[in-house]
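Welcome, and thank you for taking a look at this one with me. Here are some notes to read alongside the picture, in an order that I hope makes the fold easy to follow.

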Amino acid sequence: MKKFILGIALLVVSFTNAQNTLIVDRNVFIDDSPSQVYTTFASAIAGASNGDTILIQPSSGSYGNITINKSVTVLGMGYAPELNNGESTTTGNIIVSASNVKISGINVVGTISAGNSVTDLLVEDNFISSGVYASSGGNADITFRGNVIRNLIVLNGTPTNSTNITITNNLIQNLAQNALQYFNDTTIFNNNVIIGDQAFSAYTLFFAPNNLVCQNNIWLFTSNAMTQVDQNGGNPIIHNNSLTYHYGTPTITALNGTGNLDNQNPFFANIPANNPYWAADNDYNLGASSAGNDAGTDGNDVGIYNGYYDFDMRGYPTELPYLTEMTISNNMVPAGSNLNVNLKANANKTN
């Protein structure tokens, strides 16, 4: 069993191009005798060097809160993988205290937050249950792309402390009060699908925006208490080429800006009726009858795919192939013998 589990990990690692690849695996039968295999993230990051990749294996439990204090790439195996008995790479809160970091393919039961002076951070293809933060002093050139983000997205109230923050091609849902905080004129907030689902009329979506221009987004509403893409304080937001739709009875107030598609059904390719919340089998591509087709500022579709972006509903990282089939031909073997396993995998994505 030990050889079998490690064999899968090494197969995946062979597709990465990092300086070194370290494996974190908390599963019971893991063989941690090789020098690149660790059972905790803390021990792996302590043994890593800048430029390395840390690959965190799926597990039945969480790896807990982790801190990334070196310039590394941290990859999970997806937040809703097809195999592994539904087990994902799961962590608690992730704190990033180093620049030049990438985080991808992780089920984050908590938040991802950037520390002081963190720059050049890419957060992609994760499920983040409690929000993301680029709100520390000196945060710059940070990208949140292709994620499912719940609750909050918080920048710094001083615009010069949150510069060039890019938030694109995300599915954003289960929003808190003042969910989108302190976005400014250097913030790119484009091609997202946002589900406004607060049940209280006093709730607002944006808090204290500063000269923000949003483009090519799809705004969906599921609560009759919400009838507009509203804001609390700040300068009036300009929305361009964005679509709004309410799954209830209210009519949504027209967006402030140009080229918008107010109160238009997006006609997604496949989601349950009146239920736009994330599910692995959903398809947020626009159907043929959608007014959002080719309606973006760039001539591509509005929403998370934008005509080119490969949003992944299971959170598979772009660097890795992902397993689609596994067959064991000798499932009963003597102790110390090897299993014979045939694997099939799809090639990695190209985002």
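1. A word on terms to begin with: two strands are said to pair when DSSP finds at least two bridges between them. With that in hand, look at strand 15 and strand 17 (residues 171-181), which pair in the parallel sense over 6 bridges. Please keep in mind throughout that this is a predicted model.

2. Now for the overall picture. The protein chain contains 2 helices and 29 strands. Of its 351 residues, 53% are buried. Among contacts with a separation of 6 or more, 52% are made by residues 24 or more positions apart.

3. Next, an open sheet. It has 11 strands in the order 2-1-3-5-8-11-14-16-18-21-24, and the pairing is parallel. At its edges stand strand 2 (37-38) and strand 24 (238-240); each has a single partner strand, so one side of each is left without a neighbour in the sheet. Within this sheet, try finding strand 3 (residues 53-56) and strand 5 (residues 73-75), which are paired in the parallel sense over 3 bridges. A handy landmark there is I54, whose bridge partner in strand 5 is V74.

4. Let us return to strand 15 (residues 148-155). How many of its 8 residues are buried? The count is 6, so strand 15 is largely enclosed by the rest of the structure. Strand 12 (residues 127-128) pairs with strand 15 in the parallel sense over 2 bridges, and F127 has V148 of strand 15 as its bridge partner. Strand 13 (residues 132-134) also pairs with strand 15 in the parallel sense, over 3 bridges, with Y133 standing opposite V154.

5. Strand 17 deserves its own stop. Strand 17 is mostly covered, with 9 of its 11 residues buried. Two bridge pairs tie strand 15 to strand 17 for the eye: I153 is partnered with L180, and V154 with Q181. Since V154 also stands opposite Y133, you can step from strand 13 through strand 15 and on to strand 17 by following these residues.

6. From strand 17 the path continues. Strand 19 (residues 193-196) runs parallel to strand 17 and is joined to it by 2 bridges; here the bridge partner of L171 is V193. Strand 20 (residues 206-207) pairs with strand 17 in the parallel sense, again over 2 bridges, and F207 of strand 20 stands opposite Q181.

7. What about the nonpolar interior? In soluble globular proteins, nonpolar side chains tend to be buried together. Here the largest nonpolar core has 57 residues, and those with the most contacts inside it are I54, I103, F189 and F206. Another core, of 24 residues, lies apart from it and includes I195, F268, Y284 and F311. Going back to I103, and leaving aside neighbours within four places in sequence, its contacts include I68, V74, I94, V96 and I112, as well as E124 and N126.

8. L243 is worth a click too. This residue is found in strand 25 (residues 243-246). Is L243 buried or exposed? L243 is buried, with a relative accessible area of 0%. Setting aside neighbours within four places in sequence, L243 is in contact with N217, I218, W219, L261, Q264, P266, G292 and V302. L243 and V193 are 50 residues apart in sequence, while their C-alpha atoms are 9.5 Å apart in space.

9. Last comes the empty space. Rolling a probe the size of a water molecule over the atoms shows where empty space is left. A search of the whole structure finds 1 cavity of 30 Å³ or more, and about 40 Å³ of space lies in the largest cavity. Residues lining the largest cavity include V193, I218, F268, Y284 and V302. By class, its lining has 8 nonpolar, 3 polar and 1 charged residues. Which strand gives the most to this lining? Strand 27 (residues 283-286) does, with 3 residues.

10. Some names come up again, if you would like to link the points. V193 is the bridge partner of L171 and also lines the largest cavity. F268 and Y284 belong to the core of 24 residues and line the largest cavity as well. I218 and V302 are in contact with L243, and both are among the lining residues of the largest cavity.

Notes. Residues are numbered from 1 along each chain as its sequence is written. This is a predicted model: local features need pLDDT of at least 70, side-chain atom pairs count only at pLDDT 80 or more; totals for chains, interfaces and linings use all residues. Side-chain values use heavy atoms; hydrogens and water are left out. On a 1 Å grid over the protein atoms alone, a cavity is a set of points where a 1.4 Å probe fits but cannot get out, and a pocket is an open set with protein on both sides within 12 Å along at least five of seven lines; lining residues have an atom within 4 Å of a point. Grid points are joined across faces, edges and corners, and a volume is the space filled by probe spheres set on the points. Helices (H or I, at least four residues) and strands (E, at least two) are DSSP runs, numbered from the N terminus. Ala, Val, Leu, Ile, Met, Phe, Trp, Tyr, Cys and Pro count as nonpolar, Asp, Glu, Lys and Arg as charged, and the others, Gly among them, as polar. Buried means under 20% relative accessible area, exposed over 50%, partly exposed in between (1.4 Å probe, protein chains only). A nonpolar core is a set of buried Ala, Val, Leu, Ile, Met, Phe, Trp, Tyr and Cys residues joined through side-chain atoms within 4.5 Å. Contact means heavy atoms within 4.5 Å.
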